[in-house]
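Please find below my notes on the model you sent, set out point by point for use at the bench.

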Amino acid sequence: MQIKRPFEIDCEDIVLREFQEAYVDGIYQMSLQPEIQEFLSDWVATREKRHEWMLQYDIPENDRFFQALPHISMLENDPLRLAIILKETDEFIGWIVSGFKDELPPPNREIGYGISNLHTGKGYATKATKALIKFLFEHSDTEELVATAVTYNEASNVVLKKCGYRFEGTTEIDQKPYNCYRLTKQECVTCPKKTE
């Protein structure tokens, strides 16, 4: 499958764009926000470490992800990482990723996201998640997606329900209680259905 690079998904007032070196500062600044430190602590790092990760992991893993399309179920550890960009200003306002959630039983391709606290409550997380779900189900061999949210992170739990995810129960990850969700291609309401 041929994908135009840099890869983008248009979502009305935001665009999802593959990670680039120019986004290091935006990711670092977001990682200083208390909400990111509370709910997405694995994103917290120094600017230097974040820059190193961008060059050594984020960009090369995105390259391998796109090379593998549509057969991403065969990937062992190459997630897709996209920036969430405000179209009007070209401002970095968050990220959305899809990779394997080792703490959950397979199939365990997850979608996770982070939005700057300056831009929460505007529907951007829901738009970005729906767009990535649609892309994965339409352009890859993904048949199921999972998602997790800390039980007391009400906003993320609402986003996942709005995107059609089905609640499956709770589990503990890194000593925190998480709600677990699953969505199959057949259940996806934003994906066009095949006609017989």
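The points below deal with aromatic pairs, charges over rings and a helix crossing.

1. Please keep in mind throughout that this is a predicted model. Its aromatic side chains are a reasonable place to begin, and the structure holds eight aromatic pairs. Two of these pairs are taken up in turn below, followed by a cluster.

2. How are the rings of W43 and W95 arranged? Their centres lie 4.0 Å apart and their planes meet at 10°, which is under the 30 degrees that the term requires, so the pair is stacked. The two residues come from distant parts of the chain, 52 residues apart, with W43 in the loop between α2 (34–39) and α3 (47–68) and W95 in strand β4 (residues 91–100).

3. Are W43 and W95 buried or exposed? W43 has a relative accessibility of 11% and counts as buried, and W95, with a relative accessible area of 1%, is buried as well; the cut-off for the term is under 20%.

4. The pair of F167 and Y181 is edge-to-face, with 5.8 Å from centre to centre and 70° between the planes. Because F167 belongs to strand β7 (residues 166–173) and Y181 to strand β8 (residues 176–184), this pair ties together parts that are 14 residues apart in sequence. As for accessibility, F167 counts as partly exposed at 46%, whereas Y181 is buried, with a relative accessible area of 1%.

5. One aromatic cluster is formed by F7, F65, F66 and F135. I would ask that these four residues be viewed together when the model is inspected, since they make up one cluster.

6. Which rings have a charged side chain over them? K101 lies over the face of Y178, at 5.9 Å from the ring centre, and the charged end of R109 sits over the ring of F100, 4.6 Å from the centre of that ring.

7. Turning to the helices, the axes of α1 (residues 24–31) and α3 come within 9 Å and cross at roughly 130°. An angle over 145 degrees would count as roughly antiparallel and one from 65 to 115 as roughly perpendicular; the crossing of α1 and α3 fits neither description, and the two helices are therefore oblique to each other. The crossing in which α1 passes α3 is right-handed.

8. Which residues bring these two helices into contact? On the side of α1 they are V24, D25, I27 and Y28, and these meet R47, R50, H51 and M54 in α3.

Key
Residues are numbered from 1 along each chain as its sequence is written. This is a predicted model: local features need pLDDT of at least 70, side-chain atom pairs count only at pLDDT 80 or more; totals for chains, interfaces and linings use all residues. Side-chain values use heavy atoms; hydrogens and water are left out. Rings of Phe, Tyr and Trp (its six-membered ring) pair if their centres lie within 6.5 Å; planes under 30 degrees apart count as stacked, over 60 as edge-to-face and the rest as tilted. Helices (H or I, at least four residues) and strands (E, at least two) are DSSP runs, numbered from the N terminus. Buried means under 20% relative accessible area, exposed over 50%, partly exposed in between (1.4 Å probe, protein chains only). A charge sits over a ring if NZ of Lys or CZ of Arg is within 6 Å of the ring centre and within 35 degrees of the ring normal. Axes are lines fitted to C-alpha atoms, for helices over the stretch in contact, and angles run from 0 to 180 degrees between N-to-C directions. Angles under 35 degrees count as roughly parallel, over 145 as roughly antiparallel, 65 to 115 as roughly perpendicular and the rest as oblique. A crossing is left-handed if the near helix is turned anticlockwise from the far one by less than a right angle, and right-handed if clockwise. Contact means heavy atoms within 4.5 Å.
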